[in-house]
Amino acid sequence: MDLLLLEKTLLGLFVAVIVAIAISKLRGKKFKLPPGPIPVPVFGNWLQVGDDLNHRNLTDMAKKFGNCFLLRMGQRNLVVVSSPELAKEVLHTQGVEFGSRTRNVVFDIFTGEGQDMVFTVYGEHWRKMRRIMTVPFFTNKVVQQYRYGWESEAAAVVEDVKKHPEAATSGMVLRRRLQLMMYNNMYRIMFDRRFESEEDPLFVKLKALNGERSRLAQSFDYNYGDFIPILRPFLRGYLKICKEVKEKRIQLFKDYFVDERKKLSSTKPTTNEGLKCAIDHILDAQQKGEINEDNVLYIVENINVAAIETTLWSIEWGIAELVNHPEIQKKLRNELDTVLGRGVQITEPDVPKLPYLQAVVKETLRLRMAIPLLVPHMNLQDAKLGGPELRASASARTVQARHLGERWTIQPAHPEALHHCDEAEGVD
Ligand code: HEM
């Protein structure tokens, strides 16, 4: 391209952008938008704030712009909410208005463009999927049905750790064994299945595909193509890998778990004393024509992502905090020894009798929240949040109120981090 043509093209582009902005300003409804850094055309605030929108960076920005501020990441509008009142507004008072989720190009692939439950927009499908998933996953009955299985998984971890007394001095990577435990806990609920060991080839394959899915979805590497659609062609290679991983993963769920379960329930009575596991309920809904086979597989996808690593990270943090706070660990041991007896394993009905343990768990979840920004919520229609107004399709990220203010400054090694465990008596 000669220089004159290049100059004319750039000039034309510049004029087109200015005219588009002017027209949208003249025709657009007047909104009292939330404050935020001043955006530049095309890139918005992306070049100023960068890719890493972690909760600490957003907390710093909230100090400057307030509890509700707007970032324009290329074409995407991102509203960051960080007061308890506004968080309640997004999650509860206007729960329906903000009930949709935003998806990006990669999440479109992994969720089949919202055929799942979590990353879908509010509407008929959203309500149906939540209704169908509640009974098999989110009731106390599920806890009572599966608690014996979970308790035996926990006991198996203790036994396995005891087999390595040398770990007391040389150390061990507990995560690997706890990961197997969490997969077993969730696969018992979903399919009434478990994996024998960390070397089980199916477990190894499943773990690798889930890990790859998380890595690809959580990476900043594709932000540019997501924020600035004209750059999307450069993401072709990345999106191809995402598609391959997605296909392999969904096929694995289908071949080794869903179809196996279908075969089993058609030939002999279900195990677990004839009780249905989660997938039986989901397949019932498919048989009734409420959902299709893809929806079934995306439910399995959602649970693999939502339930396992989140709980695993929280357990790891709990253990790390207790290792770093021997005095808290001692009090916790005292409570367990006094209430249950030395060496007696805890069971689910014991939990209400152990307020100190409950406080340790709550404090771990507070200070070491696995997903501090929650999962983004989105408004489908123009909406009002506190004072400011939001255009449709703004995505609200909730910086949890608990991460703002003084308490967030507590450092991991600081003994006060778990101080309220001292006041565990009477914790509700
Ligand atoms: C310590 C463990 C866990 C943590 C820290 C955690 C955290 C979260 C967070 C922050 C959200 C987003 C809430 C929102 O944006 O409104 C969420 C959603 C969700 N979680 Fe968990 N979670 C945990 C365990 C589990 C487990 C065990 C399951 C399944 C049995 C599960 C299933 C889900 C589902 C399905 C959603 C999506 C809900 C919806 O879109 O309506 N999570 N979780």
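This passage describes the surroundings of the ligand and a strand hairpin in a predicted model.

The shell around the ligand comprises 19 residues, of which Arg101, Arg130, Ser314, Val375 and His377 come nearest. When these surroundings are sorted by class, 13 residues are nonpolar, four are polar and two are charged. Among the secondary-structure elements, helix H14, which spans residues 293-324, gives the most to this shell, contributing five residues.

Several side chains in the shell place polar atoms beside oxygen atoms of the ligand. For Arg101, a polar side-chain atom lies 2.8 Å from an oxygen atom of the ligand, while in the case of Arg130 an N or O atom of the side chain is found 2.9 Å from a ligand oxygen atom. His377 likewise has a polar side-chain atom, which lies 2.9 Å from an oxygen atom of the ligand. Arg101, Arg130 and His377 are also among the residues that come nearest to the ligand.

The hairpin is built from strand S1, covering residues 68-73, and strand S2, covering residues 76-81. The two strands pair in the antiparallel sense, and six bridges link S1 to S2. Within this pairing, Leu70 stands opposite Val79, a residue of S2. Two residues separate the strands in the hairpin, and in the turn Gly74 adopts a positive phi of about 60°. Strand S1 is mostly covered, with five of its six residues buried.

Conventions: Residues are numbered from 1 along each chain as its sequence is written. This is a predicted model: local features need pLDDT of at least 70, side-chain atom pairs count only at pLDDT 80 or more; totals for chains, interfaces and linings use all residues. Side-chain values use heavy atoms; hydrogens and water are left out. A residue is near a molecule or strand if one of its heavy atoms lies within 4 Å of it. A polar contact is a pair of N or O atoms within 3.5 Å; within protein, one must be able to donate a hydrogen and the other to accept it, and residues adjacent in sequence count only if both atoms are side-chain atoms. Helices (H or I, at least four residues) and strands (E, at least two) are DSSP runs, numbered from the N terminus. Ala, Val, Leu, Ile, Met, Phe, Trp, Tyr, Cys and Pro count as nonpolar, Asp, Glu, Lys and Arg as charged, and the others, Gly among them, as polar. Buried means under 20% relative accessible area, exposed over 50%, partly exposed in between (1.4 Å probe, protein chains only). Two strands pair if DSSP finds at least two bridges between them.
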